[in-house]
Amino acid sequence: MTDLPHAPLLTVDTHIDIPWPDRGDFTQDTDYRHVDLPKLRRGGIAAACLVAYVGQGATDPTAHAAISRQALAMLDAINQGVEGGPARICPLAAEIESAFREGITAIVPAVENGYAMGEDLSLLAQFRARGARYMTLTHNGHNALADSARPMAFLSDPESRHGGLSGLGREAIAEMNRLGLMVDISHTARSTMMQAVRLSRSPVLATHSCVRALCDHPRNLDDEQLDALRDCDGVIHITAVDAFLRPREVRAQRPVSVADYVDHIDYVANRIGVRHVGISSDFDGGGMIEGWRNAAQSPALTAELQRRGYDRDQIAQIWGGNFLRVLRAAEAVATA
């Protein structure tokens, strides 16, 4: 088998958190961030989705207004953070590909947690105007849009608040489709995810989730959910959070590794096809495993995929091609 160099691949890490408050250090080679521009370039990452993450809190007008301001400020920081380095904000698939050809790192802004829009649908257009290309419907804890996979006791969450999507959540998905914002179902309750698949006019994606058959965690997707992703032509991007990759008893005995990570890719590829699996790190948001502790170590995944027998085209699909396909589908729905 011929070695496949990592560098020629158009690689996309679909979920990276930005530290907040922002330190204005994205272009610097830091010793405390798992992702900055120098590490992305050393690791051969062509495109990185940087997310404005807001944690779940109270769902009242005052809290919603404050958290919306924070999300907008975070998106502004992402846009400003690329200045002074060989990077570019690239909201469109064609722009990502153009940046790759020019040797420029593509930055794709996104929003994690629909809590960021509160109950104001007009904020979705403001997110999109700042380059955002997806929004994760929930985080930990239910919000005004939908039920989360992890109800939070400190928020007095019932097991289910809406039975999946709320009426506002359904309106939000329609507006996201109109704007070309991809619907991210990571963190959502199973009911939310299955309803979103049926409702969205463009394929949904999980930007940072793992396989429940291999690790029984409420954040992970079961076989029926994987089948639903296949049927809507969506993608699950496996994420490097050890608690989602292996059960507690395994983690107590040894570190979770790149091999464990690729086991999840194997499972998805075997069940629903290579077309429906991708890669995310969740660096600076909890992601980090043995062999892939920062963006500079990303070639380790390519090496493991090749060792498992994936060919050049399959690895290119997994590392970025599948994400770009779903992004293009969202663009097509938005302009239809």
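A pocket, as I'll use the word, is an open set of grid points with protein on both sides within 12 Å along at least five of seven lines, and its lining residues have an atom within 4 Å of a point. Hi everyone, and please keep in mind that this is a predicted model.

Let's start with the largest pocket, which has a volume of about 160 Å³. Its lining is made up of Ala7, Leu9, Leu40, Arg41, Gly44, Ile45, Ala46, Phe100, Gly103, Ile104 and Thr105. By class, that gives 7 nonpolar residues, 3 polar and 1 charged.

Gly103, one of those lining residues, takes us to helix 3. This glycine follows the helix and has a positive phi, near 75°. Helix 3 itself spans residues 93–102, and Ala93, Ile96 and Ala99 are buried there. Why do they sit on the same side of helix 3? Because they cover an arc of only 125° around the axis. As a reminder, an α-helix has 3.6 residues a turn, so residues three or four places apart point the same way. The cover over these buried residues includes strand 2 (47–53), strand 3 (87–89), strand 4 (105–112) and helix 12 (312–335).

Now for the enclosed space. The count is 1 cavity of 30 Å³ or more, and the largest cavity has a volume of about 80 Å³. Which residues line the largest cavity? They are Ile18, Asp22, Gly24, Asp25, Phe26, Arg33, Leu50, Ala77, Ile78, Gly81 and Val82. Helix 2 (residues 61–81) supplies the largest share of that lining, 3 residues. Sorted by class, the cavity lining has 6 nonpolar, 2 polar and 3 charged residues.

Thanks, everyone!

Methods
Residues are numbered from 1 along each chain as its sequence is written. This is a predicted model: local features need pLDDT of at least 70, side-chain atom pairs count only at pLDDT 80 or more; totals for chains, interfaces and linings use all residues. Side-chain values use heavy atoms; hydrogens and water are left out. On a 1 Å grid over the protein atoms alone, a cavity is a set of points where a 1.4 Å probe fits but cannot get out, and a pocket is an open set with protein on both sides within 12 Å along at least five of seven lines; lining residues have an atom within 4 Å of a point. Grid points are joined across faces, edges and corners, and a volume is the space filled by probe spheres set on the points. Helices (H or I, at least four residues) and strands (E, at least two) are DSSP runs, numbered from the N terminus. Ala, Val, Leu, Ile, Met, Phe, Trp, Tyr, Cys and Pro count as nonpolar, Asp, Glu, Lys and Arg as charged, and the others, Gly among them, as polar. Buried means under 20% relative accessible area, exposed over 50%, partly exposed in between (1.4 Å probe, protein chains only). The arc is that of the directions from the helix axis to the C-beta atoms. Contact means heavy atoms within 4.5 Å.
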